[in-house]
Every structure is written in C-alpha cells, then in structure tokens.
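Here are my notes on the model, set out as numbered points. Please read them with the structure open.

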Amino acid sequence: MLHFIIVGVLVIAMSILTYLGLTGIGLLPVQASAQAIPIDWMFDYQIMAMSFLFSLIVVPLIYSLIVFRRRKGDTTDAEHIEGNTPLEIIWTVIPLFAVITFAFMGAKSLGDTRRVDPQAMVINVTAQQFAFSFEYPDYGFTSKELYAPVNKQLLLKMTSLDVIHSFWVPEFRVKQDIVPGRFTEYRITPILEGVYKVRCAEVCGGGHAGMQSFVEIVSQGRFDDWVKEKQAEALAASQTPEDRGKLLSTSFGCFGCHSVDGSLLPNGGPSWLGLFGSETELEDGSTVLVDEAYITQSIMDPASQVVKGFSPMTFNGTDAGLTEADLADIIAYIKTLQ
Amino acid sequence: MKKFFKSALARGLLWQLIGSLLGAGFVTGIRAVMGLDPLGRFGFSEPAWVFGGLVGTLAFLAGNGVASDWAKWARGIPTHDHHEDPSGWEKFINVSLDHKVIGIQYTLTALIVLGLGGTFAMIFRTELAASGLQFLNGTQYNTMMGLHGIVMIVAILLGIAGMMNYLVPLLIGAADMAFPRLNAFSFWITIPAAIWLVSSLFLGGFDTGWTGYPPLSARAPVGMQMFFLAVFVVGWSSILGGLNLLVTVARMRARGMTSFRLPIFVWASIATSLISLTATQLIGLSFQMVMFQRLFGMGFFDPAKGGNPVLFQHLFWFYSHPAVYVFILPGLGIISELLPVFVRKPLFGYRWVAMSSLGIALVGFLVWAHHMFTSGMNEYLRVPFMYSTLLVAVPTGVKFFSWVATIWGGKIEVPTPMLFVLGGVVVFLMGGLTGPPNATVSTDLHLHDTYFIVGHFHDTMFGGFVFPFFAALYYWFPKATGRRMNEFLGKLHFWLMTPSFLVMTFGMMRIGLLGMRRRISDYDAALGFDTTHLVLTVAGFLIFTSVLIFVYNLFRSMKKGEVATGNLWNSRSPEWQVASPMPAHNYDRPFEVVGEPYDYGLPGSKFVEFANPKQ
C-alpha cells in the first residue's frame, strides 16, 4: 500500500512539473491570428494530458526498476499475479471517455477556426513551383507579398498551376494545401501587426525549401496607402509594354525560377539578365540565338528546347493561357534586362 | 569467394542484369520500329527502364531457382519435401526452405538495408547541420530523404518478417511454415526490389519524398518509376508472407495450444499479417496508377484530364497508415513476450494484451484520412476521422498499463535484451503521447508536415520496431548460434543510442512546433534553428555509431561469443527447453501445451511437455 501512496504522490508532482516545464519554455510561435486562439487552447489541454500520462507510466516504471530490482543471489520468481479484470475494464473505459471528450473539444476548436465573416476580404492566391502570387480582385492588382490589414478576416481562394503546395504561416497556425485543378479556401483573421512569412509546407520539388513569401500585417491606414501605391504602380505599369511585361512576369510567377540579376535560383532556370540576344547551348549540343521566336517557343512548349544543364521548365505558357499580347510584353521586358 | 559466385544470390543477380537488358532492349526495339525516340535521358527510355525492371525481377527469380520446385511440379516431376541445407555460411546466400534460415536471411538483409537507410540519413543530416545549401542541391536532398524513408520502411518490413519467420514456428511447435517454398519466394523477391530501389539514385532520383504524391511524382525523373516498381514488388513479399503466417498459425499449432495459450508474439504476428495480407494491395495499386499515368497517359490524378490528385492520397494512406501498425505490432509483441521473463511474473492481463493487438489492427483500417486534414478533401470528413484516430489510443493504453502492471512488484533483472525492452517502452510512450495532437484536427492544422511529425513517428518507429528488434536479436541470438552476444558492448550500444535518440526526437519536435517544415533541404537562418540542427546531426551520428558497435558485436559473437546452449534466460517458452542452436527441423519430439505461457511464480506449473521419446 505504501508503494501506491508514494507513487501516487510522485505521479502528481511529476505531472505538474512536466506541465509547467513544457509550457514555461514557450512551445509555440506568437499568436498572430484569431484562429490561433482556439488552436492554442486545444494545445494547452493536450499538453496537460501528455504531462499526466507521461508521469503515470514513467514514474511507476522507474520506481519499480529501483524498488523491485532483483536482490543478489535471489533466484526465485515473483508473486504470481495473472491480471485483474476490473482494473483492465477501468483502464479501457476511462481512456475511452477521455478520447471522446478530447475529440469533441477538437471538433469544437476546429469549428471556432472556421467562423465565417461575410465581410471578409477576398484575395486570390496562385501557387506554382516555387512562388506564391496574391491577386486583390477588389483593387485590381497582383502582388508578390501578402499585405493585409489587421483585425479583418481574409478569405484566400487558392489554386495551383502545377503540383500540390501548402500555405502555412506558423504564427497563424492554420495550414491548407493548394491543389491544382480546384480551389481551396483559407480563412484567417490576423490580430497582430508584423512581418511574417508564408512557407510552402507540402513537398513540391527540388526548390520546395525556398518557396516562401512575405506576409505583412499592418494597420488599416497603412494598408489603404499601400493599395493606392500599388494601384498607381499598376496604372503606370500598364502604359508601356516593358512595364506590362514586368507585371505579367510577377503574376505568372516567373521570378520563382528566373532571377533578373544574373544569379541562378535553386532548381530554377537561366537568369534573364543579358539573356536576349545571347547564344545558348541546348541539351542536344546545338546552339541557338535567343530571339523572339526562341523565347516564344520555350514558354509555350518548354520541353522542346531545354538549355544544357537545366531541367525542362515546369511552367507551360499554353496551359497557363498566355496570349500573344502577353508574350510580346514579356519579351519586351526581357529585352530591357541587359 | 568461390562459394559466392556459385551461389543462388550471384546467379540471380546475373540473370537480373541480363533480363533487364533484354527487357529494355525489347522495348527500345519496338520504339525504334514505331518511329518513337528509342533512347532517353538515362540511356534507355522510361518505358524501357520500367519493362526492363519487371523482366529483370522475374529473371532474378528464375535464375536463382526459388521457383524451380513449382516448375517441376507443373511438369509432373516429384520433388523432396525438404531440401537439406549445406552446413556452412553459404546456406544464407542460397535458396533454403528452412524457416530459420529464411528468418536469418531476412534479418541480415534487414540489417544491411537498415545501414543503407542510416547512411542516407547521415548524408542529409550533415547537409542540415547548418542553414544554407552545403553540398546537396534540392533534388539530391529530396532523393536522399525519400530514399531514407522508403529504405527504412523496407528494412522494417524485412526485420519483422525475419522475427516472425524465425520465431512463430518455434513458438507454436511447428516444423516449418505452412508453405516453405512460398516463404523462400517471399524473401528472394525483395532482393531485386531492393536493387531497383537504390537504382533510382542513379536515374535522376525523385523529388517527392517516399509518399510520391502526384502531380509531382508524375513529373519526376525516371528514378520515380524505379521507386514505384520496387515498392510494388516488395508488396508481393508482404502479402504472401502475411498469408503464409496466418495459415501456419491456423493449421500447425502444437496439441493443446488453444487461442488463449498462444505466446503473445504470435497474437501480434496474426494482427500484423491480417493487415499486410489485406491492405498492401492499395499502395501497389496507387503506385501502379501513377506508373500508368506516366507510361500510357491515363490521367487518373491529372486535373487537366479530369483526374483527382487527392484520390491518390486516399488510396496511398489506406495502406500506408495501417502499415505503421504492421511495423509496430510485432515489436510491441516482443516487449510483451520478454517482459514476463525478466520480471519473473505473468504478463498482466494476457487476454487484454492479445486483443488490444487485434483492436489496433482493426481500428487502424478506419483512420487513414488523418494524414489528409489539410489536403482539401471534404471538410466534414475530418471530424469522423479524428474520432476514429483517437480511438487507437484506447487499445494502445491497455498495452502500456498492462506492461507497467507486469513490471510492478516483479523481481526485475536488466540484462541487455531487457534494457532494450524498457527503452522501447519509454520511447514508444513518447511516440504514443505525441500522437493525439496530430490526430486532433485543430492542432494538426499547425503540426501537419512539420518536424513535430518527424519526431513523433521516429519515436513510434524506434519504440515500436528498432528497440524491440534489437531486444529480440540480443535475446534469441543464442538460440540461433549457441553463443551469446557480449553484454558490455550491448550495454554500450544501448546507453549510446537511447539518450542520443531522445535528444534527437525532442529537438525535432521542438523546432517543428516553432515552424520547421518537413522535407526541406534548407531552412531560413532567421528562424534560429542552426544550433538545434547541429545537435540533431551530432545525435544522429551517435546513433549511427551505436549501431556500428552492435554490428561489430554481432559478428564477433558469432565466433567468439560465450557459449550458451541451455535455457539462458530461464524462460518457459518451448524453444528454450531444447538445446541451442536449434536443429534443422526444429523439435525432434513434439510437445503438448499443458499450461499457461507466462505462469512465472506458480510453483510446479509448466507451459509445454515434450512427448516421451520411446512411445
């Protein structure tokens, strides 16, 4: 009996210490969204349950190893105890109710993360290897970064141009895959101003690690200024083919793989700096002049001409619905990069 | 060396090479005639590699002679029931029908493949020791990481097959498995598969990780196809092995061995075999569909052709989640089997422990979509899958409570096998406790695809397989060889591996919670994970070193180990009642079960009684 009392006390003490230790070291990143609150509430109960169950098993185990160790020279067996049916029933039924309770709490906290605000601001997210782009349909422009006002629900309508990606900002907690051929929904209400990063969380190829964009949460006032700035930029940019081309290259995600400063991006393609008018060697050993015809063919039918040392481009202009006018604008932009 | 070149293994490998070239050449010829480009980026075209791989696999089996008895029967030629094995080491590289030899073949192959998987881990762990790309590019990293995953899975499948093959007939008093030729076939088919698996490394690799999700896997290099082919072929081994085991237990038990007098490891093997017999088809099917999508343009998972990429995930996880129970149930069975021996007390609640294995196996079929909470499948499906997944905790809890109750009040001895049993309990507990947050949808939205998951499943795989596997090797090594393994080296192995492993998985979970994603070749230095990653890498190398110590101990003890031919652990189990090493056809006298398997501490009781020799 004494053994049980000692172990009982130790289990309680160990549970409390484990719980305090785990919560004390700061397990999660800052809480930057309204959806993070019910999720962290759930985490807290789980850490409690874990601390208790950990102690419940480990304390008697270690206690037995110390107290019930075989004495030197003792060759007899221990007491013959085959089992105890009421005890087995207890430790089947209590956990059964516990898991049902936890599942219920899990469903409740999931429901809280899915609360719909009909006034939510819609942003269309397009993912592709290895970039995100954000279109603001209400304001008529596209951005490489997600910029949003604090305390306002965002509804991200997401799709992918190639493979499966996933949208995850650790400070927001919630994660949602982005699937080609369909739209998935991501609702989030940022509650803390700051600069975060969205990172792709579903392996999407060699450049997966680097697939990320800035997420900037600002006050409503600063957001309005940013919108005006972007709109002015978009207006100015639509005046000349070169600027339109730059804009198109952003929205089609070209910069996920091609730099404009001469560097090579991981698992990407050749840099656009000094590309136009250069001679390039193809995989089959032949050399071609980079002109309008070559660039057009490379975009619309990427497998036909692969540059030596690179994999075929994953972006396909025909599939993505690039028009001839778009192509002309993009080529005009590439020509400026000398 | 001469013995090697004359062996079935060498013959099979040679035939595999020739068969592959013929198969690939055949397709290349057809392509040339049809006016298609006959060659591809890696010499042969992709269809030629796949067909060559298939023909090569069959050629291996034809060449090494594992199917020759069946061929003889088909032609009406009688064969011997048994084939006598040569006495030397060469029996392990030739076709044997003895379940003990096959068990050891499986185990040795598992150790080799385990070493290979560990080497891949060391390579990419070194890359991750600091932020920034050091010496691998993204695709190479992904290939290493994907191969580590699948190679370890194959190693585990081989390891459990090794334990079940060696132990189950001995524990139930059978002379062999029910279908010895099928048993040999199940083993030998894994060898060509393992070769194709590694060949993917030289055929452009694959950048998808071991899950091979399309559309990414539909665009990956040819290596992806060899990976699919290899897994497809290994699946045959699992299915046939499961079938063989179930029939063996159903038909070949000793007299008096009723359901609830079966050794507990046999119950675990039944539960495992039920899963591998009925679920493995689904991973084969899902991979085959991607293979066909690539080869024949069938757009199963291609949205542009009306396919559905999420469907693949359902098919894939319908096997791949139950598969984790295939990996752990035998290990948990080993824990339950060895604990009573070392605490000298009966297994607490034997029937409950036996039924909890079946419970885990059955509930395990209803939980697959918990891998897909963020996948974009129907939202409302997430809650029922959360309930079913959390239910797994109940039978798992029964096991833990029963183990603690078994240990409580015992007379505990802690030689090396018991150390690994206890290590397995603690490590599996860590894996078990970190499971429910992943099963709960709301918290999983944060945890999915992070290092938290990586830490969690390494805990379950080590606690559920690696630790019990080592315990079993230390424990039954004397049965197989008549010598015991060195205790000091065994303890060194344990005390080097366990703390390093716990540090490694805690570190993984910690940075996972803070935002470290899975399957990334590089991480943002701004996250501040550099120090932790360095610690993880050092811990990984310590684990690798400890396994090298084990391997040294294994080979050294085969020749120089202390002789141990008797009932070394003072066990009640039938295999320890006869002298070690076990004779070729097992028990020369049949035994009858006259008591309970784990009645330690009950004076005068016996589990089995051997028949009188002169009757």
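1. Start with a helix pair in chain B. H11(B) and H13(B) cross in a right-handed sense. Bear in mind throughout that this is a predicted model. H11(B) covers residues 264–296 and H13(B) covers residues 350–363; their axes come within 9 Å and cross at roughly 10°. The two helices are therefore roughly parallel to each other, since angles under 35 degrees count as such.

2. Which residues make that contact? From H11(B) come B:Ile264, B:Trp267, B:Ala268, B:Ala271, B:Leu274 and B:Ile275. From H13(B) come B:Tyr350, B:Val353, B:Ala354, B:Ser357, B:Leu358, B:Ile360 and B:Ala361. By class, twelve of the residues are nonpolar, one is polar and none is charged.

3. A second pair in chain B deserves a look. Helix H5(B), residues 99–128, and helix H7(B), residues 180–188, have axes that come within 10 Å and cross at roughly 10°. That crossing angle makes H5(B) roughly parallel to H7(B). H5(B) contributes B:His99, B:Ile102, B:Gln105 and B:Tyr106. H7(B) contributes B:Pro180, B:Asn183, B:Ala184 and B:Phe187. The class count for this contact is five nonpolar, three polar and no charged residues.

4. Now the interface between the chains. In chain B, 71 residues are in contact with 69 residues of chain A. Helix H15(B), residues 393–407, supplies eight residues, the largest share of the chain B side. By class, that side has 39 nonpolar, 21 polar and eleven charged residues.

5. What does H15(B) meet in chain A? One partner is helix H2(A), residues 36–67: the two axes come within 9 Å and cross at roughly 20°. At that angle H2(A) is roughly parallel to H15(B). The crossing is left-handed. On the H2(A) side, the residues are A:Ile57, A:Pro60, A:Leu61 and A:Ser64. They meet B:Phe400, B:Val404 and B:Ile407 of H15(B). Six residues of this contact are nonpolar, one is polar and none is charged. For your own comparison, the whole chain B side of the interface includes eleven charged residues.

6. Chain A also has a sheet to inspect. Five strands form an open sheet with mixed pairing, in the order E4-E10-E9-E6-E7. The edges are E4(A), residues 146–149, and E7(A), residues 175–178; each pairs on one side only. From one strand to the next, the twist averages 25°.

7. Take edge strand E4(A) in detail. E4(A) runs parallel to E10(A), residues 212–218, and four bridges join the two strands. Two partners can be picked out. A:Tyr147 has A:Glu216 as its bridge partner, and A:Pro149 has A:Val218.

8. Which side chains of E4(A) are buried, and which are not? They alternate along the strand. A:Leu146 and A:Ala148 point to one face and are buried. A:Tyr147 and A:Pro149 point to the other face and are not buried. Thus both residues named above for their bridge partners, A:Tyr147 and A:Pro149, belong to the face that is not buried.

9. Finally, a helix covers part of this sheet region. Helix H4(A), residues 220–237, lies across E4 and E10 of chain A. H4(A) runs at about 135° to E4(A).

How values were computed:
Residues numbered from 1 in each chain as written. Chains lettered and ligands numbered in written order. Predicted model: local features only at pLDDT ≥ 70, side-chain atom pairs only at ≥ 80, totals over all residues. Contact = placed C-beta atoms within 7 Å. Nonpolar A, V, L, I, M, F, W, Y, C, P; charged D, E, K, R; others polar. Axes fitted to C-alpha atoms, helices over the stretch in contact; angles between N-to-C directions. Parallel < 35°, antiparallel > 145°, perpendicular 65-115°, else oblique. Left-handed = near helix turned anticlockwise from the far one by under 90°. Pairing = 2+ DSSP bridges. Buried ≥ 20, exposed ≤ 12 C-beta atoms within 10 Å, placed from the backbone.
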